[in-house]
Amino acid sequence: MRVVHAPSQLERRPRAVAIGTFDGVHRGHRSVLGAAIDSGLEPTVITLDPHPRIVLGNRVELITTLERRLELLAEAGVAETLVAAFTPEFMRLAPHEFVGTYLTATGAEAVAVGSDFRFGSRRSGSVETLAELGLTVLDVEEIEGVSSTSMRDAVREADLAEAARMLGRPFELDGTVVSGDQRGGTLGYPTANIAMDPQLVCPRYGIYAGEALGHRAAISIGTNPHYGGTERRIEPFLLDFEGDLYGRRLVVELWERLRDERVFDSEQALVEQIGRDVEAVRAVVRPA
């Protein structure tokens with residue numbers, strides 16, 4: 001998939017354009033994308049960054065990084081994606097200016113959007129406006145019970161089966177492996193310490209089963225209370241893995257919450273519990 005950052009970088013050709021933030025690229029988003037892909041025109045996406053609600057001063061816990069969003073759009077079958085900067089200038093565009101600059105000028109003939117789609121200055125444009133300005137509005141199947149808001153709620157409460165149902169895949173943590181306390185190695189269970197963007201949504205503290213790099217993983221999310229920690233740590237232990245992960249980006253699937261984190265009577269008791277956690281991870285079924 002080709003990624004551009006200005007409409008002038010898109011060659012004018014017959015396109016079906018899916019428009020939205022697409023945070024998470026969940027099943028509802030995939031329905032919008034599918035309408036563009038199935039149209040027979042060049043399937044193109046316009047996605048916004050930063051998230052509009054963040055720019056407007058609201059707190060939003062994102063489901064995916066922009067990098068992961070683009071990977072998922074490519075996996076869905078999108079040919080080209082325009083990442084439009086959500087700036088004050090962009091916000092001031094009248095609906096007809098947006099259509100002329102971002103759609104007509106790039107050859108768009110059809111658009112795929114959600115039923116509640118609004119655009120342009122003061123959100124004055126709607127699906128009807130797109131049709132009035134000469135674009136074919138593609139039919140998009142609405143996926144009941146799927147939204148970014150409800151998905152964030154499910155993730156916070158560690159309802160990973162529900163999150164996976166809405167996403168169409170397991171929920172993921174995405175970050176870079178950085179140096180940690182290296183206690184895991186001394187205990188026989190070396191973990192990767194992930195630095196994750198604080199704007200990303202994260203489940204409540206606890207021990208989780210999941211997967212990374214094709215290996216099942218036991219993942220600790222919390223403060224390491226046994227050692228008196230206070231800062232949030234995200235530390236996966238990849239089963240049957242050998243290698244150096246420092247500096248590497250790691251996308252970790254979360255499958256199931258196993259237990260709360262807690263303080264143990266001794267380090268030996270902690271090691272024994274980690275052993276039980278690892279065996280539990282081997283038995284967990286990946287959510288569909």
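Which element gives the largest share of the lining of the largest pocket? Helix 1 does, with four residues. Keep in mind that this is a predicted model.

## The pocket

Let's start with the pocket itself. The largest one has a volume of about 1,400 Å³. It is lined by 45 residues, and the closest to its centre are Gly20, Thr21, Asp116, Phe117 and Arg118. Besides helix 1 (27-37), the elements that give two or more residues to the lining are strand 3 (42-49), helix 2 (52-55), helix 4 (88-91) and helix 7.

As for chemistry, the lining of the largest pocket is a mix: 21 nonpolar, 14 polar and 10 charged residues.

## Helix 1, from the other side

Helix 1 also has plenty to do away from the pocket list. Its buried residues are Gly28, His29, Ser31, Val32, Leu33, Ala35 and Ala36. What do the buried residues of helix 1 pack against? The partners are strand 2 (15-19), strand 3, helix 3 (66-76), strand 5 (108-112) and helix 7.

## The six-stranded sheet

Strands 2, 3 and 5 turn up again in an open sheet of six strands, ordered 1-4-3-2-5-6 with parallel pairing. At the edges sit strand 1 (2-4) and strand 6 (136-137), each of which pairs on one side only.

Now for the link between strand 1 and strand 4 (residues 80-85): the two run parallel and are joined by three bridges. Here Val4 stands opposite Leu82 of strand 4. In general, strands of a sheet pair through backbone hydrogen bonds, either parallel or antiparallel.

## Two nonpolar cores

Next, the greasy parts. The largest nonpolar core has 33 residues, and the members touching the most others are Phe171, Leu173, Ile219, Ile221, Ile234 and Leu254. Two or more core residues come from each of helix 7 (148-156), helix 8 (160-167), strand 7 (171-178), strand 8 (193-196), strand 9 (206-212), strand 10 (215-222), strand 11 (233-238) and strand 12 (249-259). Helix 8 gives the most to this core, four residues.

Phe171 is a good residue to click on. Leaving aside neighbours within four places in sequence, Phe171 is in contact with Ile63, Val155, Leu160, Ala163, Val201, Pro203, Val252, Glu253 and Leu254. Apart from this core lies another, of 23 residues, including Ile46, Tyr102, Leu103 and Ala108. As a rule, nonpolar side chains in soluble globular proteins tend to be buried together.

How values were computed
Residues numbered from 1 in each chain as written. Predicted model: local features only at pLDDT ≥ 70, side-chain atom pairs only at ≥ 80, totals over all residues. Heavy atoms only, no water. Core = buried A, V, L, I, M, F, W, Y, C linked by side-chain atoms within 4.5 Å. Buried < 20%, exposed > 50% of the residue type's maximum accessible area, 1.4 Å probe, protein only. Contact = heavy atoms within 4.5 Å. 1 Å grid on protein atoms, 1.4 Å probe; cavity = no way out; pocket = protein on both sides within 12 Å on 5 of 7 lines; lining within 4 Å. Points joined across faces, edges and corners; volume = space filled by probe spheres on them. Nonpolar A, V, L, I, M, F, W, Y, C, P; charged D, E, K, R; others polar. Pairing = 2+ DSSP bridges.
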